[in-house]
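Student: I'm new to this structure and would like to learn how to read it. Could you walk me through it?

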Amino acid sequence: MDYAPLAFPALMLTVFFVVPFGIMVMVSFFQRQPGGFYTPDFVFSSYERFLTAFFGGVLGFSLGLAALVAVICVAVGFPFAYELARTRRRVQIAWLVALLAVLSLSEVIIGFAWSTLLSRTAGISNLLVWLGLMARPTALTPNFGAVLTGMVYQAFPYAVLVLYPAMARLDPTLMEASRTLGAPPLRAFLTVVVPALRNTILATFIMVFVFALGSYLLPQLLGRPQHWTLSVLITDQAVYQSNLPFAAAMAVFLVLVTLSLVALALLVGRKESAA
Amino acid sequence: MSAKLFRRVLFTLVAVFLAAPLVVIAGVSVNAQRTLVFPPAGFSARWYGEVFADAAWRGALTASVAVAALSAALAVAIAFPLSWFLWRRHAPWARVFQMLGTAPFVLPPVITALGFLTFWTTVGAYGQPWTVVVAHGIFFVTLPLVTLSLGFASIDRALVEAAATMGADDRTILRTIVLPLIRPYIVSGFAFAFVLSLNEYIVAYMTVGFTLETLPIKIFNSLRYGYTPTMAAVSILFVAVAALIFGLIARFGDLPKLLGAWSSRD
């Protein structure tokens, strides 16, 4: 009777999360049949196919792109979150609302917005022409820079919101003490705040990295096929090539990469709270 | 003084970066012509009208709102009993379900999407409109789980003990103490899940993409035929709805606390 409240959540999460996940793992070992079908089996052919130079290249590109996005987001987001946590409460709340609004934007809308902003007809190049800095408007998409910009846009609010609680809890006397001892603000920030939050920075980096790894539409909307990430290929194989076993094998692999990174982030975070 | 200047410059740069694409699509959305030009040529609100007047856009809008409302309700229905149970009892094994509720949000969304795709095809329900409600309900259960566990942590246990001493049973305590105190957290958990479901693409697409068009799917499908000002209008409406909902949460609740900041300083 006492356990009754647990029944519904346990049932839902088991049936609709654990079971689908289990089926997906099973399907990754199934034998693919021509025409989009598959038969129950236990073969590693989908995994073998994944270990080719092409998919290795895509994986390397995905990881590199996610890492670059995470570096940029943390490098800008860290001082930003620090200043945000120290500003007036009303200003903080206004920023938080704005960050949440941008964070909740669909990737479709972010992709649409940036491809408009980078387009020839409605983009920033028109502004540059108007200012006399450019002769004629040009298209700045599709290319790698456009993909990177879109993904930083998508991940930046996330980075700030992950950093924000740690910044809000940071003991303000740390900074005051170093200022009293004569350190200029930048020096105090770099020698006191940054080392104190070294693990938070690392944990945030990993969280943003995992978040960016999930991007699937921006590389398609803002980039060329060589900018496609693993998430795009999974969707492509599942929906357009009707090769569910192969899509599932890639997904299982992506889960393993993600889980090991999340475990690392948790480990780093725990060490900090123990210290 | 230079620290103040640094803050001002940093805040301005970030604000410009975050606002730039929105300003451009807002401009595009009020263009008088069908073409995408910026700065806008003339002013017209007809593209906003088209979102509601055009049957295809209106259908997608209705589908999105219905899916978002139902799946957010489902997410709360899963999260509430779970976090209520975990608040009352120390049961480490029950935390496993809490972890399961967080997992879909931590993993790349394509994983959850593919999991549901294989599941619905296996059980033969692929393409049914309700499947996306279940999929989103599970996918976004993390959000009410987080807000509700923060909410339960903020309840003063002395109140509960006092009520129990005076003979109130669990049900009475739930009705007279827990629910009134936890209501803002239920509302914010629902709101977070609602806004994110409204904007979610990949899970919806892999679950019901070919039978039910939600707005993000409709926008993406329309992209193939080029960009239109109607898309810009829809995008601006979406941002406005999200900002409005989060603004209301901030107005009636403690947003910094909901986002994990311990102390609310002034």
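Tutor: We'll look at how the chains meet, then at a pocket. Please keep in mind that this is a predicted model.

Student: Happy to. How many residues does each chain bring to the contact?

Tutor: Chain A brings 85 residues and chain B brings 90 residues.

Student: And how much area is buried between chain A and chain B?

Tutor: About 7,700 Å², with carbon and sulfur atoms giving 79% of that area. On the side of chain A, L13(A), R89(A) and F112(A) supply 10% of the area that the chain buries against chain B, more than any other three residues.

Student: What about charged pairs? Where should I begin?

Tutor: Begin with the general idea: side chains of opposite charge can pair when their charged atoms come close. Here, the rule finds two salt bridges across the interface of chain A and chain B. R89(A), named above for its share of the buried area, meets D254(B) in a salt bridge, at 2.9 Å from N to O.

Student: Which residue does R7(B) meet in a salt bridge?

Tutor: The side chain of R7(B) meets that of E83(A), at 2.8 Å from N to O. R7(B) lies in helix α1 of chain B and E83(A) in helix α3 of chain A, so this pair joins two chains. Over all chains, a search of the whole structure finds three salt bridges.

Student: How many residue pairs are in polar contact between chain A and chain B?

Tutor: Nine residue pairs. As for the helices of chain A, those that each supply at least two residues to the side touching chain B include α1 (4–27), α3 (53–85) and α13 (244–274). The most comes from α1(A), with 18 residues.

Student: How do the residues on that side of chain A divide into nonpolar, polar and charged?

Tutor: There are 65 nonpolar, 15 polar and five charged residues.

Student: Now the pocket, please. How much space lies in the second largest pocket?

Tutor: About 550 Å³. It is lined by 21 residues, and the closest to its centre are Y82(A), E83(A), M175(A), P185(A) and A3(B). You have met E83(A) already, as the partner of R7(B) in a salt bridge.

Student: Which helix gives the largest share of that lining?

Tutor: That is α1(B), with five residues. Helices α3, α7, α8 (172–180) and α9 (185–196) of chain A also supply at least two residues each.

Student: And how does the lining of this pocket divide by residue type?

Tutor: Into 13 nonpolar, one polar and seven charged residues.

Definitions and conventions: Residues are numbered from 1 along each chain as its sequence is written. Chains are lettered from A and ligands numbered from 1 in the order in which they are written. This is a predicted model: local features need pLDDT of at least 70, side-chain atom pairs count only at pLDDT 80 or more; totals for chains, interfaces and linings use all residues. Side-chain values use heavy atoms; hydrogens and water are left out. Contact means heavy atoms within 4.5 Å. Buried area is the accessible area (1.4 Å probe) that two parts lose on being put together, summed over both. A salt bridge is a side-chain nitrogen of Lys or Arg within 4 Å of a carboxyl oxygen of Asp or Glu. A polar contact is a pair of N or O atoms within 3.5 Å; within protein, one must be able to donate a hydrogen and the other to accept it, and residues adjacent in sequence count only if both atoms are side-chain atoms. Helices (H or I, at least four residues) and strands (E, at least two) are DSSP runs, numbered from the N terminus. Ala, Val, Leu, Ile, Met, Phe, Trp, Tyr, Cys and Pro count as nonpolar, Asp, Glu, Lys and Arg as charged, and the others, Gly among them, as polar. On a 1 Å grid over the protein atoms alone, a cavity is a set of points where a 1.4 Å probe fits but cannot get out, and a pocket is an open set with protein on both sides within 12 Å along at least five of seven lines; lining residues have an atom within 4 Å of a point. Grid points are joined across faces, edges and corners, and a volume is the space filled by probe spheres set on the points.
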